[in-house]
Amino acid sequence: MILALAGGVGGAKLAHGLARNIDPSELVIAVNTGDDFLHLDYFICPDLDSVLYKLAGINDIERGWGIRDESWNFMESLKKVGGEDWFQLGDKDLATHIERSRLLSEGQTLSEVTRALCRKHNVVHTIVPMTDHRVGTIVDTQEGDFFFQDYFVRLRCEPAFTGVHYKGMEDATPSPQFSKALESADLKAIIFCPSNPFVSIDPILNVPGVTGALRTTETPVIAVSPIIGGQAIKGPAAKMMAELDLPVSPLGIAQHYGGLIDGLIIDNEDRMLVGPIMATGIDAYATNTLMRSAEDESLLAQETLSFVRGLSGNRP
Ligand code: FO1
């Protein structure tokens, strides 16, 4: 059993690579739901949808979110009548939010709804929300605190980042399948996908019980760096690291996850950091981490799995 923790775009890519190499019965992908929000009365789960659309093969590659070959009639009509148009909902994507909201209002849990959506899209691997509770990531900045999508989309990540806190997290518990995977005697690896550490992976780690489980598990915990050559492939991770005075490199990622991970996979471009990362007590391995194609995703997944196999048994 392999447990992958994932946010949006980068997480979805490695999750797809893992899904191409691991039997559906042996992979659980636990996804960040801190970005979820109620918008136009619909419940939107951007990261769950990014992973779902990617595994279903219908994701939009250019935008990184939503469905490809999308049309925008709803948004254009909404704008015409003076509705809120700062958050774009494509016509095809809208169907997901409407159906998810309907199923939730009938009393189904987010795990159940996600399973139903996966089935409809013929996705056979297990994608689960980090929690079935409603939680929200609040981004702390020098200009005040903002709900995640306000900071990310409306403010284009411009205010200087100082940290995050969460709404509703104290009462949250890991979703049943996430919990089961964490406790599984067959768990061979926990993999942090190359998603934003602060607003994608940290919310998952902050679900009560998760960090404690990672600290005590015998299973190797590894991360794949979302930073290559001082830049994030997509999104504000590099900007956030600079604003937090962390080195904008895999070394900064190692510092951030320090104490939680046994190993870190970094890009060949950063291979000179293997030694300095190892000096912090974290095993490091350099390979190609830039995923431009399904082939790259699959190769990185294979490299990740063989790195984990090499680490097994070395855990202190
Ligand atoms: N990101 C944007 O930058 N602008 C948007 O209008 C936008 C709409 C949107 C709709 C559905 C969805 O699933 C994702 C959407 N995203 C949009 C992406 C989303 O804000 C972020 O990718 C994640 O929350 C961060 O992982």
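Helices and strands here are DSSP runs, numbered from the N terminus, with at least four residues for a helix and at least two for a strand. With that in hand, we can place residues in this predicted model.

**A buried asparagine**

Asn196 sits in the loop that runs between strand 9 (189–192) and helix 8 (197–205). Is Asn196 buried or exposed? Its relative accessibility is 11%, so Asn196 counts as buried, the cut-off being under 20%. The Asn196 side chain reaches the backbone nitrogen of Phe198 at 2.8 Å. Leaving aside residues up to four places away in sequence, Asn196 touches Ile201, Pro236, Ala237 and Met240.

**The nonpolar cores**

In soluble globular proteins, nonpolar side chains tend to be buried together. Here the largest nonpolar core has 51 residues, and Leu3, Leu5, Phe178 and Phe192 have the most contacts inside it. Which element gives the largest share of this core? That's helix 8, with five residues. Phe192 is worth clicking on: not counting residues up to four places away in sequence, its contacts include Leu5, Ile201, Leu205, Leu214, Tyr257 and Ile261. Ile201 turns up again here, since Asn196 touches Ile201 too. There's also a second, separate core of 42 residues, with Leu104, Leu305, Phe307 and Val308 among them.

**Rings and charges**

On to the aromatics: the structure holds eight aromatic pairs. One of them joins Phe37 and Trp86, a tilted pair at 6.2 Å centre to centre with 50° between the planes. Phe37 belongs to strand 3 (residues 37–39), while Trp86 is in the loop between helix 3 (73–80) and helix 4 (91–105), so this pair ties together parts 49 residues apart in sequence. Phe37 is buried at 16% relative accessible area, and Trp86 is buried as well, at 19%.

Trp65 and Trp72 make an edge-to-face pair, 6.4 Å centre to centre and 80° between the planes. Trp65 is partly exposed at 37% relative accessibility, and Trp72 is partly exposed at 23%.

Phe37 and Trp86 also form one aromatic cluster with Phe87. Two arginines lie over tryptophan faces: Arg154 is 4.4 Å from the ring centre of Trp86, and Arg63 is 4.9 Å from that of Trp65.

**Around the ligand**

How many residues surround the ligand? There are 13, and the closest are Asp35, Asp47, Phe87, Gln88 and Gln149. So Phe87 appears both in this group and in the aromatic cluster. Here are three polar contacts with the ligand:

| Residue | Protein side | Ligand atom | Distance |
|---|---|---|---|
| Asp35 | side-chain N or O | oxygen | 2.7 Å |
| Trp65 | polar side-chain atom | nitrogen | 3.3 Å |
| Gln88 | backbone N or O | oxygen | 2.8 Å |

Trp65 has several roles in this picture: paired with Trp72, lying under Arg63 and in polar contact with the ligand.

**An exposed arginine**

Lastly, Arg134. Where is Arg134 found? Look in the loop between strand 5 (126–129) and strand 6 (136–141). Arg134 is exposed, with a relative accessible area of 53%. Even so, Arg134 touches Phe43, Leu104, Lys167 and Gly168, again not counting residues up to four places away in sequence. Leu104 is a residue of the second core. Arg134 and Met278 are 38 Å apart in space, C-alpha to C-alpha, and 144 residues apart in sequence.

Terms used
Residues numbered from 1 in each chain as written. Predicted model: local features only at pLDDT ≥ 70, side-chain atom pairs only at ≥ 80, totals over all residues. Heavy atoms only, no water. Phe/Tyr/Trp six-rings, centres within 6.5 Å; stacked < 30°, edge-to-face > 60°. Buried < 20%, exposed > 50% of the residue type's maximum accessible area, 1.4 Å probe, protein only. Lys NZ or Arg CZ within 6 Å of the ring centre and 35° of its normal. Polar contact = N/O pair within 3.5 Å; in protein donor to acceptor, adjacent residues only side chain to side chain. Contact = heavy atoms within 4.5 Å. Core = buried A, V, L, I, M, F, W, Y, C linked by side-chain atoms within 4.5 Å. Near = heavy atom within 4 Å.
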